[in-house]
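Please open the model in your viewer and keep the sequence panel beside it, since this tour moves from one selection to the next. At each stop, select what is named and then read what is there.

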Amino acid sequence: ALYLSWPWLHARMKYYQHNNFSYGQKKSKADISVNAFVWPYSVTFFYVILISIFGGIIVALGLSIFLNNGAVADENVRTGLVGVISSVLIGLLMYSAMGPFLQSKIWNISWNHTQVAEIQFQSNLPTWAYTRLQIVNVILTICSLGLYRPFAVIRSYRFRLEHMQVIATAKAFDTSRALANNEDAAAESS
């Protein structure tokens with residue numbers, strides 16, 4: 001039940017975030033709909049089920065071949081360990097592939113439906129390139145025992161920002177005029 005309500009909750013959180021920031025005196029406006037979030041979550045759920053089924057079949061076939069090749073009953077512990085390790089690897093594969101897929105879709109939906117006065121944003125984050133980047137980041141983080149993690153975060157955000165465009169005129173960035181007229185100054189030093 002929680003998974004079914006999560007697209008709605010996530011859309012509401014993104015709506016709140018993208019509807020409540022400002023650039024100078026200009027407030028943002030977001031027209032993010034819940035329906036836009038349902039499709040990426042549905043595709044992710046479908047692929048997770050599909051990978052789980054095929055992963056289970058592969059693990060079952062592997063274990064049956066292993067047991068038929070002379071494994072005795074005393075080796076049940078080793079057989080169980082192979083099953084657990086295979087399941088963990090399949091879970092990591094799903095998370096490594098589907099996590100960035102969902103992140104890129106939600107990122108694009110959120111920013112493509114956000115604007116600040118005359119300033120619009122366009123995000124074209126490529127799903128599979130972002131997935132490859134995240135998989136490399138995970139591998140480097142594991143190989144470095146976590147020391148690469150801050151660099152991985154920076155690489156991820158740099159990649160996201162490289163695939164965004166700000167569509168505006170030069171006049172849209174002029175916030176000094178509003179401050180010079182002392183319109184709703186946020187803070188003054190005393």
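**The whole chain**

Begin with the entire chain in cartoon view, and keep in mind that what you see is a predicted model. The secondary structure of the protein chain comes to 6 helices and 5 strands, and if you trace it along the sequence you will meet these elements in the pattern α-β-β-α-α-β-β-α-α-β-α. Of the 190 residues, 31% count as buried, while the chain as a whole exposes about 12,700 Å², of which carbon and sulfur atoms supply 66%. Among contacts between residues at least 6 apart in sequence, 67% join residues at least 24 apart.

**The sheet**

Next, select the strands together, and you will have an open sheet of 5 strands in the order 1-2-3-4-5, with antiparallel pairing. Strand 1 (22–23) and strand 5 stand at the edges, and because each has a single partner strand, one side of each is left without a neighbour in the sheet.

Start at the edge formed by strand 1, which is joined by 2 bridges to strand 2 (residues 26–30), the two running antiparallel; here Ser 22 stands opposite Lys 27 of strand 2.

Move on to strand 3 (residues 114–116), which pairs with strand 4 in the antiparallel sense over 2 bridges, and where Gln 115 can be found opposite Gln 120 of strand 4. The hairpin of these two strands has 2 residues between them, and in it Ala 117 takes a positive phi near 50°.

Now show the side chains of strand 4 (residues 119–123), where Ile 119, Phe 121 and Ser 123 point to one face and are buried, whereas Gln 120 and Gln 122 point to the other face and are not buried. In a regular strand the side chains alternate between the two faces of the sheet. On its way to the other edge of the sheet, follow strand 4 to strand 5 (residues 164–167), with which it pairs in the antiparallel sense over 4 bridges; the bridge partner of Ser 123 there is Met 164.

**A salt bridge between distant parts of the sequence**

Select Glu 118 and Lys 26, whose side chains meet in a salt bridge at 3.6 Å, N to O; a search of the whole structure finds 1 salt bridge. Glu 118 lies in the loop between strand 3 and strand 4, and Lys 26 in strand 2, so the pair ties together parts that are 92 residues apart in sequence. Is Lys 26 buried or exposed? At 15% relative accessibility, Lys 26 counts as buried, since the limit for that class is under 20%.

**The nonpolar cores**

For the next stop, select Trp 107, Trp 111, Val 116, Ile 119, Phe 121, Leu 125, Tyr 130, Leu 133, Phe 159, Met 164 and Ala 172, the 11 residues of the largest nonpolar core. Helix 3 (76–112), strand 4 and helix 4 (127–143) each supply at least two residues of this core. Apart from it lies another core, of 8 residues, among them Ala 30, Ile 32, Phe 37 and Tyr 41. In soluble globular proteins, nonpolar side chains tend to be buried together.

Stay for a moment with Leu 125, which, leaving aside its neighbours within four places in sequence, is in contact with Ser 104, Trp 107, Asn 108, Tyr 130, Phe 159, Arg 160 and His 163.

**Residues at the surface**

Turn now to Phe 173, in the loop between strand 5 and helix 6 (176–180), which counts as partly exposed at 38% relative accessibility. Not counting residues up to four places away in sequence, Phe 173 touches Tyr 23, Lys 26, Ile 119, Val 166 and Ala 168. Add Gly 24 to the selection, and you will find that Phe 173 and Gly 24, although 149 residues apart in sequence, are 8.8 Å apart in space, C-alpha to C-alpha.

Then select Trp 39 in helix 2, which counts as exposed at 62% relative accessibility. The C-alpha atoms of Trp 39 and Lys 105 are separated by 9.4 Å, with their positions 66 residues apart along the chain.

Finish with Leu 50, also found in helix 2 (residues 34–68) and partly exposed at 31% relative accessibility. With Phe 45, Phe 46, Tyr 47, Ile 49, Ile 53, Phe 54, Ile 57 and Leu 61, Leu 50 forms a nonpolar patch on the surface, with about 850 Å² of accessible area together.

How values were computed
Residues are numbered from 1 along each chain as its sequence is written. This is a predicted model: local features need pLDDT of at least 70, side-chain atom pairs count only at pLDDT 80 or more; totals for chains, interfaces and linings use all residues. Side-chain values use heavy atoms; hydrogens and water are left out. Buried means under 20% relative accessible area, exposed over 50%, partly exposed in between (1.4 Å probe, protein chains only). Two strands pair if DSSP finds at least two bridges between them. Patches are made of residues with over 30% relative accessible area and no salt bridge: like charges are joined within 9 Å, nonpolar side chains (Val, Leu, Ile, Met, Phe, Trp, Tyr) within 5 Å. Accessible areas come from the Shrake-Rupley method with a 1.4 Å probe; for residues, only the protein chains shown count as cover. A salt bridge is a side-chain nitrogen of Lys or Arg within 4 Å of a carboxyl oxygen of Asp or Glu. A nonpolar core is a set of buried Ala, Val, Leu, Ile, Met, Phe, Trp, Tyr and Cys residues joined through side-chain atoms within 4.5 Å. Contact means heavy atoms within 4.5 Å.
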